[in-house]
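Okay, everyone, thanks for making time. Let me put something on the screen and walk you through one part of it.

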Amino acid sequence: EIRGDIVQHLTAVSGEKFGLDPPAWEKWWKANRENFQFAAIGARAVNRAEALRSRSMYHGLPIYASRLVFVIDTSGSMAGPPILAAVKELIDAINALPEKVSFNVVAFSGDVRAWQRKPSVASDENKKAAARWVQGQRVGGGTASYDALETALDMDSEAIYFLTDGAPRGGKVVIPAEIVEIISRLNFTRRMTINCIGFGAMRLVPTDFLETLAARNYGEYRPVAFGE
């Protein structure tokens, strides 16, 4: 995650796009450091996905953490085509993870279930086991968003990818603004990146909930319609 932050900053101030390739950055710097000038402040904003050029993606968000947790909503509103699309995208993302990465999966509805107690190495065996576990998750019940986020925060990881299609309903905390405040406070010393995916074109979940949660926790927000 720190490497990702550095690359995004370097891309913004230099205008160059070498992604997560240290030798390329070093070669460019040796050739340009004598005459280097910062890009104009107004031109420094850069999209993280474009800057990092990661080979592993999840709903258009780059995956570059060494340890990460996928959190997927399996509440009743996800039944049918939504859960099929969400599960397919998740399994594709898991299969694309490099072996050096460790990952975990948390599924939630009215309760929270974790594939493992902590992230496991992305071996072929573990990827297949995680895919079977995801495919076997039941769909139905409420949307205990806070409980799922709290569970993911307690795992030894760098990044969380939180996918939901509904407003929080059930669990320890249900008011979106309170969830943002508590999770952001709990995450202050952990410094985990929380990326948020509003699934199904945000039919049921308040957009500002996920946008604010991601912004307060070093992450990005992406609304995704079915089929994207």
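So, how many bridges join β4 to strand β5? Three, and the two strands run antiparallel. For orientation, β5 covers residues 112–114, while β4 covers residues 102–108. Keep in mind that what you're looking at is a predicted model.

If you want a spot to zoom in on, find V106, which stands opposite A114 in β5. The link from β4 to β5 is a hairpin, and it goes through three residues.

Okay, next partner. Strand β6, residues 120–121, also runs antiparallel to β4, and two bridges join them. Here the residue to find is S102, with V121 of β6 opposite.

Then there's β3, residues 67–73. This strand pairs with β4 in the parallel sense, over seven bridges. On that side, look for F70 of β3, which stands opposite V105 in β4. And how does the chain get from β3 to β4? The path goes through helix α4, residues 81–95, and this β-α-β crossover is right-handed.

Now back to β4 itself. Is this strand mostly covered or uncovered? Mostly covered: seven of its seven residues are buried. Follow the side chains along the strand and you'll see S102, N104, V106 and F108 pointing one way. F103, V105 and A107 point the other way, and they are buried too.

So that's β4: parallel with β3, antiparallel with β5 and with β6, and mostly covered. Happy to rotate the view if anyone wants another look.

Definitions and conventions. Residues numbered from 1 in each chain as written. Predicted model: local features only at pLDDT ≥ 70, side-chain atom pairs only at ≥ 80, totals over all residues. Heavy atoms only, no water. Buried < 20%, exposed > 50% of the residue type's maximum accessible area, 1.4 Å probe, protein only. Helix = DSSP H or I, 4+ residues; strand = E, 2+ residues; numbered from the N terminus. Pairing = 2+ DSSP bridges. Right-handed = clockwise from strand over helix to strand, strands pointing away.
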